Amino acid sequence: MRYNDFNGEKVSSLGFGTMRLPMDANGNIDYAEGEKMVAKAFEGGITYFDTAYKYHQGESENFCGKVLSKYPRESFTLADKLPTWLCKSVDDAQRIFEEQLEKCKVSYFDYYLLHSIDEESWVGIEELDLVSFMVKLKEEGRVKHIGFSAHCEPELLDTILSKYGHILEFVQLQINYFDWEFLKAKALYDVARKYNKPIIIMEPIRGGMLANLPSKETRDILEKATKDSGKEPVSYASYALRFVEQLDGVVCTLSGMSDSSQMEDN
């Protein structure tokens, strides 16, 4: 495992996203398989685990609480996110935060994010001054680092970072080589770099699409590039992970792995 520095702390280059955990025949999280994957993650050197209030209809946080609590707290870092669209008041945000800590069986989060900011949700975030709420949690020692994830236009990202870049320590963005131009991933990346903001990558394999490429032309390009380099062929998912990992400013790349074979390949 390779590691990157974030404010003097060592972060694994690959992070375990718990949005696409293995499922059983009844459509529930397969805890037995999930526990095996977490064990493989620790064995492989992963230290960054990512969850959110809405993942698996709220069950992802319960999974993290049950499984990660079996490991020493200092052996991993846990990121969770505030579902701002459910917050009609600061009291709502406080209540949800307390619930998240309880479900995850921790007394603090290493990373806490305003979740999935876009042009619509940003209005409510500003009205409730949820950035100040995040600052309060950090001052209380209940979160170590505060940031946000964004699915917005580059202009809004620039607005957020110009106003709060001195407070919000990192940004989580959807970046992959498919979206580099298609969904303005490059433009978003450039804004983050403009403010020298550390980046957490989400959807590097675009929900699995880049692991099973539908385009023969794309497959041919990647295979020819590998052949010309004289290196051994790798999985298509590996190309996607390598693309984002080599970008300047990237601290951790999240992968929502669903089985042990994906874990081993990544």
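**Figure 1. Q172 is buried in this predicted model.** The relative accessible area of Q172 is 1%. Q172 belongs to strand 8, which covers residues 170-174. Neighbours within four places in sequence are left aside here. Beyond them, Q172 is in contact with D50, K81 and L113. Its contacts also include F148, S149 and A150. I200, M202 and L254 complete the list.

**Figure 2. Helix 6 has a buried side.** The buried residues of this helix are P154, L156, L157, I160, L161 and Y164. Around the helix axis, they cover an arc of only 160°, so they lie on the same side of helix 6. What covers them includes two strands already shown or shown below, strand 8 and strand 6. Strand 7 (143-150) is also part of the cover. Among the covering helices are helix 4, helix 5 and helix 8.

**Figure 3. Helix 4 buries S121, W122 and I125.** Helix 4 runs over residues 119-128. The arc covered by its three buried residues is only 105° around the axis, which puts them on the same side of the helix. The face turned away from that buried side carries E120 and E127, both exposed. Strand 6 (109-117) is part of what covers the buried residues. So are helix 5 (130-139) and helix 6 (154-164).

**Figure 4. The two ends of helix 4.** At the start of the helix, D118 offers a side-chain oxygen. This oxygen comes to within 3.1 Å of the backbone nitrogen of E120. Just after the helix comes D129. Its phi is positive, at about 55°.

**Figure 5. R73 is a buried residue in a loop.** The loop lies between helix 2 (59-68) and strand 5 (77-82). R73 counts as buried because its relative accessible area is 18%, and the cut-off is under 20%. The R73 side chain reaches the backbone oxygen of F76 at 3.1 Å. A polar contact of 2.8 Å links the side chain of R73 to that of D110. With neighbours within four places in sequence left aside, R73 is in contact with L78, V106, Y108, F109 and D110. D110 thus appears both in the contact list and in the side-chain polar contact.

**Figure 6. Helix 2 and helix 3 are oblique to each other.** Their axes come within 6 Å. The crossing angle is roughly 45°. Helix 3 spans residues 90-104. On the helix 2 side, the contact is made by E61, N62 and G65. On the helix 3 side, Q100, K103 and C104 take part. By class, the contact holds one nonpolar, three polar and two charged residues.

**Figure 7. K105 has a positive phi.** Most residues other than glycine have a negative phi. Phi of K105 is near 55°, although the residue is not a glycine. K105 sits in the loop between helix 3 and strand 6. The residue is exposed, at a relative accessible area of 55%.

**Figure 8. N7 also has a positive phi.** The value is about 50°, again in a residue that is not a glycine. N7 lies in the loop between strand 1 (3-6) and strand 2 (9-12). The relative accessibility of N7 is 52%, so the residue counts as exposed.

**Figure 9. A185 is buried in helix 8.** This helix is formed by residues 185-194. The relative accessible area of A185 is 1%. Leaving aside neighbours within four places in sequence, A185 is in contact with Q174, I175, D179 and W180. E217 lies 32 residues from A185 along the chain. The C-alpha atoms of A185 and E217 are separated by 22 Å.

**Figure 10. K216 is exposed in helix 9.** Helix 9 takes in residues 216-229. K216 has a relative accessible area of 53%. In sequence, K216 and Q57 are 159 residues apart. In space, they are 36 Å apart, C-alpha to C-alpha.

Technical notes. Residues numbered from 1 in each chain as written. Predicted model: local features only at pLDDT ≥ 70, side-chain atom pairs only at ≥ 80, totals over all residues. Heavy atoms only, no water. Buried < 20%, exposed > 50% of the residue type's maximum accessible area, 1.4 Å probe, protein only. Helix = DSSP H or I, 4+ residues; strand = E, 2+ residues; numbered from the N terminus. Arc of directions from axis to C-beta. Contact = heavy atoms within 4.5 Å. Polar contact = N/O pair within 3.5 Å; in protein donor to acceptor, adjacent residues only side chain to side chain. Axes fitted to C-alpha atoms, helices over the stretch in contact; angles between N-to-C directions. Parallel < 35°, antiparallel > 145°, perpendicular 65-115°, else oblique. Nonpolar A, V, L, I, M, F, W, Y, C, P; charged D, E, K, R; others polar.
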